[in-house]
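Trainee: I would like to learn how to read a structure feature by feature, and I am not sure where to begin. Could you take me through one slowly?

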Amino acid sequence: MAANRVGKTWGVGGYEMALHLTGRYPEWWTGARFDDPIDALAAGDTSETTRDIVQLALTGVGGDGGEGELGTGLIPGVDIVGDPTHRRGIAGALDTVVVRHQSGGKSKLGFKSYDQGRKKFQGTAKHVVWLDEEPPQDVYTECLTRTMTVNGIVLCTFTPLEGMTEVARMFYEVANCDTA
């Protein structure tokens with residue numbers, strides 16, 4: 001959680017997601033690492049903001065006309081395999097992107113949005129889930145469930161604009177717990 005306009009999306013969530021998808025970690029990286037390809041999910045609050053913010057940051061294309069050039073985002077163009085699949089009903093929105101992992105395999109990145117509802121987040125295990133903007137409690141809980149069987153992680157990048165919600169409270173309590 002941090003203030004608005006300080007780089008959470010590009011410099012934190014998007015950057016870390018690109019590292020995990022490609023397996024190209026900098027030498028100084030001390031966070032989670034995935035030595036093999038991952039199955040990942042990135043989401044925002046609406047279909048349009050997912051396309052215009054999250055998708056743009058990762059792939060370089062966004063907007064209802066698909067403005068931009070694929071491969072100019074945080075995922076290097078040389079690592080994008082083939083053509084992404086497009087999401088039905090949302091102009092310019094991508095559904096799935098395949099990313100070359102340094103291990104020689106291929107990672108898979110899917111895009112969703114909170115306005116689709118919790119049920120759209122059900123299903124397969126995910127190694128990494130990135131939630132840009134504060135998710136509803138039920139979506140957050142569902143995403144945690146997706147990571148359990150593969151020892152995955154959930155990244156959240158948001159400013160708590162709605163105050164001390166249940167989701168914000170969870171992060172606040174963990175950050176302020178007395179471990180001594």
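Mentor: Let us begin with N151, which is exposed, having a relative accessible area of 68%; exposed means over 50%, buried means under 20%, and partly exposed lies in between, with a 1.4 Å probe and protein chains only as cover. Before we go on, keep in mind that this is a predicted model, in which local features need pLDDT of at least 70 and side-chain atom pairs count only at pLDDT 80 or more, while totals for chains, interfaces and linings use all residues. Residues are numbered from 1 along each chain as its sequence is written, and side-chain values use heavy atoms, with hydrogens and water left out.

Trainee: Where does N151 lie, and what is the value of its phi?

Mentor: The general idea is that most residues other than glycine have a negative phi. N151 has a positive phi near 55° although it is a residue other than glycine, and N151 is placed in the loop between helix 3 and strand 8 (153-157); helices (H or I, at least four residues) and strands (E, at least two) are DSSP runs, numbered from the N terminus. E133 is also not a glycine, and its phi is positive at about 85°. E133 sits in the loop between strand 7 and helix 3, where, at a relative accessible area of 28%, this residue is partly exposed.

Trainee: How many helices and strands does the chain have, and what share of the chain is buried?

Mentor: The secondary structure amounts to four helices and eight strands, and reading along the sequence gives the pattern α-β-α-β-β-β-β-β-β-α-β-α. Of the 180 residues in the chain, 46% are buried.

Trainee: Which residues of helix 3 are buried, and why do they line one face of the helix?

Mentor: In helix 3, which covers residues 137-147, the buried residues are V139, Y140, E142, C143, R146 and T147. Seen down the helix axis, these buried residues fall within an arc of 160°, so they line one face of helix 3; the arc is that of the directions from the helix axis to the C-beta atoms. D138 also has its place in helix 3, but at 39% relative accessibility D138 counts as partly exposed. The C-alpha atoms of D138 and F121 are separated by 9.9 Å, although these residues are 17 apart along the chain.

Trainee: Two of those buried residues carry charges, so I would like to read salt bridges next. How many salt bridges does the structure hold?

Mentor: Side chains of opposite charge can pair when their charged atoms come close. A salt bridge here is a side-chain nitrogen of Lys or Arg within 4 Å of a carboxyl oxygen of Asp or Glu, and the structure holds five. One of them joins E142 and R118, whose closest N and O atoms are 3.0 Å apart. This pair links distant parts of the chain, with E142 in helix 3 and R118 in the loop between strand 6 and strand 7, 24 residues apart. E142 is buried at a relative accessible area of 10%, whereas R118 is partly exposed at 26%.

Trainee: Which other side chain meets E142 in a salt bridge?

Mentor: The side chain of R146 does, at 2.7 Å from N to O, and both residues lie in helix 3, four residues apart, about one turn of the helix. R146 counts as buried, at 13% relative accessibility. Salt bridges with shared partners thus join R118, E142 and R146 into one network.

Trainee: Which residue forms a salt bridge with D79, and is D79 buried or exposed?

Mentor: R24 forms it, the closest N and O atoms being 2.9 Å apart. Distant parts of the chain are linked again, since R24 lies in the loop between helix 1 (8-22) and strand 1 (39-44), and D79 in the loop between strand 3 (67-68) and strand 4 (80-86), 55 residues apart. D79 counts as buried at 1% relative accessibility, while R24, at 45%, counts as partly exposed.
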